[in-house]
Amino acid sequence: MNKLRALGALTAGALLSAVPLAGTAEAAGPGPVRADIITESLPLGHFITAVAIQFSSKVDLEGASIDPAAFRVVGTRTSSVNGAVTSATRPVLRAYVNDEPALQAQGEKGKYLILELGSAGAAAGALQYSGGINNPYGLSYSVTQVADVLDGKGRVELESSETPVTTTSVLTPVVDEFAALSNTSSSGQVLNYRFYTPEAYDERPGRKALYPLVVTLHGAGERGPNNLTQITGNQLATAFAAPARQAKDPSFVLSPQVPSGLAWTTPSVQQALMETIDKVMAEYPVDPDRLYLTGLSLGGIGSFDILPKYPTKFAAAITVAATGNTAVAPSLVDLPIWATHSVDDPTVNYTTGSLALINAIGAAGARTTFAEWAGNLPVAQADALAQAQWDAAEANGSHTLLTAYSRGTTPQNAHWSWVPTYLNNTMLDWLYSHERTGGGSCTVSYRTSAWNGGFTGQAVVTNTSKKPVSGAELAFDLGSGVRVTKAWPGSFTQTAGNVTVSSAATIQPGKSATISFNATGTPGAAPAFALNGAVCS
């Protein structure tokens with residue numbers, strides 16, 4: 001699959017019409033085809049980090065390097081808040097050719113000239129923070145080549161020009177892989193969302209494979225109508241769609257955006273969110289036992305509002321800088337949760353927020369595991385500390401964890417505990433390691449045939465989930481005075497009126513299995529059945 005969908009989707013009408021940057025009309029060298037801004041969603045935000053110029057043929061420097069001073073780059077940003085236009089010269093940090101419009105390999109030949117600009121400086125930001133909301137700038141860059149670029153033999157490969165080349169589009173790695181979609185709930189609430197599909201699914205959509213689904217809930221600053229900043233404002237979403245993570249854990253990623261002025265706790269928004277999750281799960285091969293929830297700040301608050309209402313829907317959750325109602329803690333005892341929070345958070349209080357919530361879950365019966373370390377540690381060191389906390393939790397039989405980031409160590413702002421959290425590979429490994437148990441779905445058709453002193457019961461069990469049920473165990477309560485004497489196929493156990501029939505059979509999705517038994521006593525009303533812990537209808 002082409003990982004630059006946005007580039008591939010552009011038409012010929014978007015091609016450059018400016019005077020060529022390299023060579024002249026008579027020159028035999030490579031000529032420019034287009035120029036694009038490259039932005040990146042980084043841990044500290046969304047930044048304009050490079051310009052890529054595509055040429056009609058490969059630029060061959062024959063071993064020579066390019067002096068960054070040969071280019072002058074001017075960036076123009078237009079405010080989507082008030083229309084204000086500002087321009088600034090951006091220093092070029094590195095210049096090289098590449099075989100794709102990306103800040104990765106540097107080589108001697110390639111159709112793309114990459115001008116790296118970095119993420120420092122006031123003009124580097126792609127978002128304008130105004131009124132508590134991150135708003136995307138309109139972006140336009142111009143590049144002027146002020147000196148010739150020579151190849152390794154001293155010949156002019158790219159000729160200088162006084163006429164600048166202007167960019168025509170913006171490329172954002174990973175972010176461009178998220179489709180922009182929208183769903184309207186049954187009550188009329190519109191919910192915009194971005195949706196990432198794993199490469200393995202894209203290449204073979206008919207393949208009989210199920211993938212996890214990660215649902216990300218953004219913070220207050222990413223609300224709005226643009227359906228973009230929830231995946232560019234930080235790495236909440238892109239951490240799960242990044243190539244390295246997808247190579248390890250291919251999964252769908254659903255990133256909805258709260259409309260302006262509303263929240264994840266707004267009933268209409270929450271209803272639209274849950275209906276959108278169900279819609280995606282119905283339309284794509286999502287593993288219903290590997291549905292994960294993560295949210296930061298406003299999204300962390302939303303997570304702790306949603307999880308108690310749907311305690312068996314999600315396999316695990318990571319919450320960041322959250323607060324909520326501690327009275328709901330008993331419903332979260334069995335749900336794996338890893339919470340993170342800066343102890344000096346000035347926006348959402350750590351003590352009355354995440355600490356109070358995790359303590360309440362512990363008081364309700366969960367075993368909890370706590371740790372604290374600096375939020376600005378190197379990634380490898382933070383990963384190792386998280387692994388130690390995970391190991392301690394497993395040794396303690398705990399799946400309720402809280403990591404506190406020490407005072408004065410969270411990058412940029414003490415509220416930004418999502419920065420070290422979504423950089424932490426171990427925490428993401430922990431999330432993906434969980435699989436919901438007893439989460440299947442089934443139906444049972446039940447009938448009995450009485451005889452003198454007893455009866456025969458027959459339950460036809462249909463697996464209505466997406467996954468096969470292996471080692472089927474059907475549990476039901478026949479009430480007092482009834483004793484099972486034989487069950488087939490398989491074996492049975494009975495305690496009081498509670499009966500479990502175990503079979504080695506595997507029930508495929510959409511298929512049925514019949515379980516029968518003989519019992520003494522009088523048959524009553526049809527009992528409730530559960531297949532491998534999942535209650536059947």
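At 10% relative accessibility, Asp289 counts as buried in this predicted model, and its salt-bridge partner Arg436, with a relative accessible area of 17%, is buried as well. The closest N and O atoms of Arg436 and Asp289 are 3.0 Å apart. Because Arg436 lies in the loop between α11 and β23 while Asp289 belongs to strand β18 (residues 286-296), the pair ties together parts that are 147 residues apart in sequence. Both residues also belong to a network of salt bridges that links Asp287, Asp289, Glu435, Arg436 and Lys467.

Side chains of opposite charge can pair when their charged atoms come close. A search of the whole structure finds 16 salt bridges, and two further examples can be set beside the one just described. Lys153 forms a salt bridge with Glu62, with 3.7 Å between the closest N and O atoms. Since Lys153 sits in the loop between β10 (149-150) and β11 (156-158), and Glu62 in the loop between β2 and β3 (71-78), this pair ties together parts that are 91 residues apart in sequence. Lys153 is exposed, with a relative accessible area of 60%, whereas Glu62, at 33%, counts as partly exposed. The side chains of Arg155 and Asp151 also meet in a salt bridge, at 3.0 Å from N to O; here Arg155 is partly exposed, with a relative accessible area of 43%, but Asp151 is buried, at 7%.

A covalent link is found elsewhere in the model, which holds 1 disulfide. Cys442 and Cys536 form this bond, with their sulfur atoms 1.9 Å apart. The torsion about the S-S bond is about -90 degrees, and the disulfide is therefore left-handed. Cys442 lies in strand β23 (residues 442-451) and Cys536 in the segment after β33 (534-535), so that the disulfide ties together parts that are 94 residues apart in sequence. Cys442 is buried, with a relative accessible area of 4%, and Cys536 is likewise buried, with a value of 12%.

The open and enclosed spaces of the model come next, beginning with the volumes and the classes of lining residues.

| Space | Volume | Lining by class |
|---|---|---|
| Largest pocket | about 810 Å³ | 16 nonpolar, 7 polar and 7 charged residues |
| Second largest pocket | about 600 Å³ | 11 nonpolar, 13 polar and 1 charged residues |
| Largest cavity | about 30 Å³ | 6 nonpolar, 2 polar and no charged residues |

The largest pocket has a volume of about 810 Å³, and of the 30 residues that line this pocket, Gln104, Pro173, Val174, Ala242 and Pro243 are the closest to its centre. The elements that give two or more residues to its lining are β1 (32-42), α4 (238-241), α5 (243-248) and α11 (425-432), and the largest share, 5 residues, comes from α5.

The second largest pocket is lined by 25 residues, of which Tyr129, Asn134, Glu222, Trp416 and Trp418 lie nearest its centre. At least two residues of this lining are supplied by each of β2 (45-60), β7 (127-130) and α7 (298-306), with the largest share, 3 residues, coming from β2.

As for enclosed space, a search of the whole structure finds 1 cavity of 30 Å³ or more. The residues that line the largest cavity are Pro43, Asn234, Gln235, Leu236, Trp418, Val419, Tyr422 and Leu423. Trp418 thus appears both in the lining of this cavity and among the residues nearest the centre of the second largest pocket.

Methods. Residues are numbered from 1 along each chain as its sequence is written. This is a predicted model: local features need pLDDT of at least 70, side-chain atom pairs count only at pLDDT 80 or more; totals for chains, interfaces and linings use all residues. Side-chain values use heavy atoms; hydrogens and water are left out. A disulfide is a pair of cysteine sulfur atoms within 2.5 Å. Helices (H or I, at least four residues) and strands (E, at least two) are DSSP runs, numbered from the N terminus. Buried means under 20% relative accessible area, exposed over 50%, partly exposed in between (1.4 Å probe, protein chains only). On a 1 Å grid over the protein atoms alone, a cavity is a set of points where a 1.4 Å probe fits but cannot get out, and a pocket is an open set with protein on both sides within 12 Å along at least five of seven lines; lining residues have an atom within 4 Å of a point. Grid points are joined across faces, edges and corners, and a volume is the space filled by probe spheres set on the points. Ala, Val, Leu, Ile, Met, Phe, Trp, Tyr, Cys and Pro count as nonpolar, Asp, Glu, Lys and Arg as charged, and the others, Gly among them, as polar. A salt bridge is a side-chain nitrogen of Lys or Arg within 4 Å of a carboxyl oxygen of Asp or Glu.
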